[in-house]
Amino acid sequence: MSVRNATTAAIAAIGVLTLAACSQSPAAGEPAATTKQTITVYAAASLTKTFTQLGKDYQEQHPGSTVRLTFGGSADLLTQLQNGAPGDVLATADEATMTKAVNAKLNGGEPEIFATNRLTIATAPGNPKQITSLADLDKVSLVTCAPQVPCGNATGQVARAAGVTLKPVSEENSVTDVLGKVTGGQADAGIVYRTDTRAAGDKVTAVDFPQADQVLNRYPIVVLASSTGPGPAKSFTDFIRGPRGQQVLADAGFGAGD
């Protein structure tokens with residue numbers, strides 16, 4: 001064999017060995033390669049505590065993944081997405097807002113219910129105004145969610161069921177803003193979700209009322225059509241509806257999804 005041919009053969013052999021080495025699985029004890037992926041999630045304000053925890057849990061179980069969370073009133077989140085904000089997942093506090101997202105063709109799959117919630121009255125610690133029902137709210141400074149927000153829509157329904165007319169001094173765009181008005185001493189009472197008062201701990205006192213059981217908010221989640229990583233996005237929605245997601249939501253006071 002000529003020197004030239006021998007050199008060519010040697011180079012070819014090295015190439016084959018290099019390709020073989022690249023195709024081998026990691027040695028025992030070595031971590032598998034990870035793919036970096038950012039999952040941008042738009043979630044209702046009432047999910048702030050639970051989704052913050054679940055975002056961290058998901059990242060721990062999926063090395064290389066980053067969960068980027070944006071919280072706000074469901075109606076505000078919808079507006080952002082309709083105006084072209086990029087995202088992978090949307091989780092709203094009611095089905096009506098999700099239906100609007102579907103009608104706007106923002107969804108990349110079928111929405112799935114992952115949690116439920118009910119309303120309660122939040123007061124200052126110890127309930128100094130002695131509020132016992134929705135009827136008592138006409139004697140105090142009340143804050144509610146705006147009608148277009150899921151908690152505001154639900155508030156209107158419970159008020160009609162109780163036969164009362166609520167006269168809030170302020171209507172907020174998210175349930176966390178309502179709670180903030182109460183904990184900050186700017187209002188005597190606010191109508192929020194039961195999960196919000198649980199998360200607030202001793203900063204508020206919760207006053208339940210029977211009409212709340214007649215109005216159940218169902219929370220849907222969906223992969224967005226604009227997602228640049230629909231696979232990881234679906235993995236995240238499955239995680240929320242899976243055992244760990246449901247446990248964290250239940251611990252926070254949410255009811256089970258479908």
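## Helix packing and buried contacts in a predicted model

Helices α2 and α9 are roughly antiparallel to each other, because the angle between them is about 150° and angles over 145 degrees fall in that class. The model is predicted. This briefing covers helix pairs, aromatic rings, buried helix faces and one buried loop residue.

**Packing of α2 with α9**

- Helix α9 spans residues 243–251, and its axis lies 10 Å from that of α2.
- The crossing in which α2 passes α9 is right-handed.
- On the α2 side, T50, Q53, L54 and D57 make the contact, while R244, G245, V248 and L249 contribute from α9.

**Packing of α8 with α9**

- The axes of α8 and α9 cross at roughly 50° and come within 4 Å.
- At that angle, α8 is oblique to α9.
- Residues F239, I240 and R241 of α8 meet P243, R244, G245, Q246 and L249 of α9.
- R244, G245 and L249 of α9 thus appear in the contact with α8 and also in the contact with α2.

**Aromatic rings**

- Seven aromatic pairs are found when the whole structure is searched.
- One of the pairs joins Y58 and F239 in an edge-to-face arrangement, with 5.5 Å from centre to centre and 70° between the planes.
- Because Y58 belongs to helix α2 (residues 48–61) and F239 to helix α8 (residues 230–241), this pair ties together parts that are 181 residues apart in sequence.
- Both Y58 and F239 are buried.
- A cluster linked by ring pairs contains F51, Y58, F114, Y193, Y219, F236, F239 and F254.
- F239 therefore has two roles in this account: its ring pairs with Y58 of α2, and the residue takes part in the contact between α8 and α9.

**Buried face of α4**

- Helix α4 covers residues 95–103, and T97, M98 and A101 are its buried residues.
- These residues lie on the same side of α4, because they cover an arc of only 100° around the axis.
- Such an arrangement can be read from helix geometry: an α-helix has 3.6 residues a turn, so residues three or four places apart point the same way.
- The elements against which the buried residues of α4 pack are α3 (74–82), β3 (89–91), α5 (150–162) and β10 (217–223).
- K105, just after α4, has a positive phi of about 60°.

**Buried face of α6**

- In helix α6 (residues 175–183), V175, V178, L179 and V182 are buried.
- Viewed down the axis of α6, they fall within an arc of 95°, so they line one face of the helix.
- The cover over these residues includes β5 (119–123), β6 (142–145), α5, β7 (170–172), β8 (189–193) and α7.
- G185 follows α6 and has a positive phi, near 80°.
- Helix α5 is listed among the elements packed against the buried residues of α4 and among those covering the buried residues of α6.

**Loop residue V204**

- V204 sits in the loop between α7 (194–200) and β9 (205–207).
- With a relative accessible area of 7%, V204 counts as buried, because the cut-off is under 20%.
- Beyond its neighbours within four places in sequence, V204 contacts A122, T123, P125, L179, V182, T183 and T197.
- Among these contacts, L179 and V182 are also buried residues of α6.
- The C-alpha atoms of V204 and N127 are 8.0 Å apart, although 77 residues separate the two along the chain.

Key
Residues are numbered from 1 along each chain as its sequence is written. This is a predicted model: local features need pLDDT of at least 70, side-chain atom pairs count only at pLDDT 80 or more; totals for chains, interfaces and linings use all residues. Side-chain values use heavy atoms; hydrogens and water are left out. Buried means under 20% relative accessible area, exposed over 50%, partly exposed in between (1.4 Å probe, protein chains only). The arc is that of the directions from the helix axis to the C-beta atoms. Contact means heavy atoms within 4.5 Å. Rings of Phe, Tyr and Trp (its six-membered ring) pair if their centres lie within 6.5 Å; planes under 30 degrees apart count as stacked, over 60 as edge-to-face and the rest as tilted. Axes are lines fitted to C-alpha atoms, for helices over the stretch in contact, and angles run from 0 to 180 degrees between N-to-C directions. Angles under 35 degrees count as roughly parallel, over 145 as roughly antiparallel, 65 to 115 as roughly perpendicular and the rest as oblique. A crossing is left-handed if the near helix is turned anticlockwise from the far one by less than a right angle, and right-handed if clockwise.
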